[in-house]
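Welcome! Open the structure in your viewer and follow along, one selection at a time.

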Amino acid sequence: MAERHMRNDGRPDGRDTRWTGHRAERRERILTAALTVISREGTSVSVAAIGAEAGMPRSVVYRIFPGREDLDERIRARILDDLMAALSPALDPKGTIRGAIELAASTYVGWVAEHPRLHQFLGTGPQGLPVTGSPAVTGTRTAVARDLARLLDSYAVQLLDGGRAPAGFSLNLAFGMVGLVDGVVNHWAAHPGTRSSLDDLTHFLSDALWGILSAATPRLGLRLDPDQPIGPNPEVPPGTPPLSESRAGGAGRR
């Protein structure tokens, strides 16, 4: 561990700040190198190969990351950061409901098809063995579902003239949609010999997501049209009552 240099007033001096910045720069180089090597050579990547790509010996990599498990989890988090950077614009709905669903599905499927080895690393790790309980993967999946639930809640307020969906409705719907996409795409990516075309996968996901959405929303008194326009993402007004407590505009549960 690096020595922490202190000033007379007890605060760290410039040497400590410079070391922190140097360490962060090295960490970034290592993670960038890891993604490059995995994309080029596959998931069975050694620390030595990552270090060589980053221009530093294996021993330096282990000074930055305390162990292989920690390094692998940081790699997964970096892969997910790149995925979310590509996906985020598609999660800001515009146009029609159908168009928004198709854009989100095609963007995600396109990223997986373009980065098959990075996607594989999220689920298998460096030795090709299944990875379970990755905080980065689980946390990102949960965050996406919760963001989608908030989006669904906000549109419910708009479409129901101020009413809100019953507690948990949007969460159930969001986690169901995310789980379907995750399961189908993971299987598609893992079985290249028997999988459908990229276009067929995208169309299937778009149709399935619309099917879930259109089957669930009649419980709110809504009959959605896939070609109906949707506006910018509205905010849920603070204190807006749940739909079960407000049947504004005649909208309510059936």
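**First stop: F175**

Select F175, which counts as partly exposed because its relative accessibility is 37%, between the 20% limit for buried and the 50% limit for exposed. Keep in mind as you look around that this is a predicted model.

Now widen the selection to residues 169–190: this is helix α8, the home of F175. Which residues does F175 touch, leaving out those up to four places away in sequence? Show T142, A145 and R146, and you have them. Try a distance label from F175 to T142: the C-alpha atoms lie 7.9 Å apart, although 33 residues separate the two in sequence.

**Next stop: the core**

Select I30, I50, L71, I75, I79 and L213 together. These residues have the most contacts inside the largest nonpolar core, a group of 64 residues. Helix α7, residues 135–159, supplies the largest share of this core, with 9 residues. In soluble globular proteins, nonpolar side chains tend to be buried together.

Zoom in on L71 next. Beyond its neighbours within four places in sequence, L71 is in contact with I30, L31, V47, I50, V61 and F65.

**Last stop: confidence**

Finally, colour the chain by pLDDT. The average is 84, and 80% of the residues score at least 70. Select residues 240–254, where the pLDDT is below 50; the model gives this stretch 38 contacts beyond near neighbours in sequence. Then go to residues 1–6: pLDDT stays under 50 here too, and the model has 11 contacts beyond four places in sequence for them. Where pLDDT is low, the predicted coordinates should not be read in detail.

Terms used: Residues are numbered from 1 along each chain as its sequence is written. Side-chain values use heavy atoms; hydrogens and water are left out. Helices (H or I, at least four residues) and strands (E, at least two) are DSSP runs, numbered from the N terminus. Buried means under 20% relative accessible area, exposed over 50%, partly exposed in between (1.4 Å probe, protein chains only). Contact means heavy atoms within 4.5 Å. A nonpolar core is a set of buried Ala, Val, Leu, Ile, Met, Phe, Trp, Tyr and Cys residues joined through side-chain atoms within 4.5 Å. pLDDT is the predictor's confidence in each residue, from 0 to 100.
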